[in-house]
Amino acid sequence: MKQSTLWIIGIILALLGYNFITPVAPRTITTTGECLTTAPRDKTAITLRVTTVDKNALKSMRDATARVAEINAYLENLDVKTQTTEFNSYEKTEWNHATQKSVNLGTETTIAIEVSSDNTDIIEQILNQFAGQENIYVGNLQMFTSAETLQPIVQDCMSAAVENARLRAAALAAGDNSYVGKMLSVSYGTSPNVAAPNANYRLMTTMAKADAMDAGAFGTLSARDTNVSVTVSATFEIK
């Protein structure tokens, strides 16, 4: 057999072998899915803000921390959760219209504590205890959905959104006499905001708090549920 013929046969066999081992890309379909649900607002919160002003900066901070210590001592035996949301100390000035000059009033120190509970009566008790006290300002009364309540609801909604996307994909594939196989990829967005399946649910709780702070000195309570929505874009294999 001539050498040129052997070369041709070798090339054909190589091409056949390449085609045999090269994987064929699967046929796919991408659809979107949605889930809308609600989560109960199971927590009530209020903010206690301590503000002190003094010419001596150290005394201003000491006075503020002393008032906060009194608040914490009162809250210690109540079924509440607390977190410090603000701690600022800065020079306070005021414009004097008579002299047309800025007047230094001293150092203002502000410490804010958010207090939350699943019992509205406790929050009302705290409000009545500290409202009107010197250097203590009460505000931001609100209801919100806790992270513990929100987390499983959002996760279930994610699963429902994926199933919704699968049903849409199956309906489209049926028109081509095909059926949907495994899911190859998925991306999603949620409201309240979630960054990942193992999300920071403290952020979600913040996003889920009620917008009810501008009616009156302490705000208003809104017991309506928190709206939760999930949208996914999923790619499935078609067989």
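The following paragraphs describe the strands, helices and salt bridges of a predicted model.

One sheet in the model is open and is built from 3 strands, which follow one another in the order β1-β7-β6 with antiparallel pairing. Strands β1 (27–39) and β6 (180–191) stand at the edges of this sheet, and because each has a single partner strand, one side of each is left without a neighbour in the sheet. From one strand to the next, the twist averages 20°. The pairing of β6 with β7 (residues 226–238) is antiparallel and extends over 9 bridges, and within these two strands Ser 187 is found opposite Ser 233 of β7. Helix α4 (residues 147–174) packs on the sheet and touches β1, β6 and β7, while the direction of the helix makes an angle of about 145° with that of β1.

A further set of pairings involves strand β2 (residues 43–54), which is mostly covered, since 10 of its 12 residues are buried, that is, they have under 20% relative accessible area. Strand β2 is joined to β5 (residues 136–144) by 7 bridges, the two strands running antiparallel, and Ala 45 has Gln 142 of β5 as its bridge partner. Strand β2 also pairs with β4 (residues 101–117), again in the antiparallel sense, through 11 bridges; here Ile 46 has Val 115 of β4 as its bridge partner. In general, side chains in a regular strand alternate between the two faces of the sheet.

Two helices also meet in the model, for the axes of α2 (residues 57–75) and α3 (residues 120–130) come within 12 Å and cross at roughly 145°. This crossing of α2 and α3 is right-handed. On the side of α2 the contact is made by Ile 71, Tyr 74 and Leu 75, and on the side of α3 by Gln 125, Ile 126, Gln 129 and Phe 130. Sorted by class, the residues in this contact comprise 5 nonpolar and 2 polar ones, with no charged residues.

Charged side chains are nevertheless paired elsewhere, and the count of salt bridges comes to 8. Within helix α2, Lys 59 forms a salt bridge with Asp 63, their closest N and O atoms lying 2.9 Å apart. Because these two residues are 4 residues apart in the helix, Lys 59 and Asp 63 are separated by about one helical turn. Both positions are partly exposed, with a relative accessible area of 40% for Lys 59 and of 29% for Asp 63. The pair also belongs to a network of salt bridges in which Asp 54, Lys 59 and Asp 63 are linked.

A second salt bridge of helix α2 joins Arg 67 to Glu 70, with 2.5 Å between the closest N and O atoms; being 3 residues apart, Arg 67 and Glu 70 are likewise separated by about one helical turn. The two partners differ in their exposure, for Arg 67 is buried at a relative accessible area of 15%, whereas Glu 70, at 44%, counts as partly exposed.

A salt bridge is also formed between the side chains of Glu 148 and Lys 81, at 3.8 Å from N to O. Glu 148 lies in helix α4 and Lys 81 in strand β3 (residues 81–96), so this pair ties together parts that are 67 residues apart in sequence. Glu 148 is exposed, with a relative accessible area of 53%.

Notes: Residues are numbered from 1 along each chain as its sequence is written. This is a predicted model: local features need pLDDT of at least 70, side-chain atom pairs count only at pLDDT 80 or more; totals for chains, interfaces and linings use all residues. Side-chain values use heavy atoms; hydrogens and water are left out. Two strands pair if DSSP finds at least two bridges between them. Axes are lines fitted to C-alpha atoms, for helices over the stretch in contact, and angles run from 0 to 180 degrees between N-to-C directions. Contact means heavy atoms within 4.5 Å. A crossing is left-handed if the near helix is turned anticlockwise from the far one by less than a right angle, and right-handed if clockwise. Ala, Val, Leu, Ile, Met, Phe, Trp, Tyr, Cys and Pro count as nonpolar, Asp, Glu, Lys and Arg as charged, and the others, Gly among them, as polar. Buried means under 20% relative accessible area, exposed over 50%, partly exposed in between (1.4 Å probe, protein chains only). A salt bridge is a side-chain nitrogen of Lys or Arg within 4 Å of a carboxyl oxygen of Asp or Glu.
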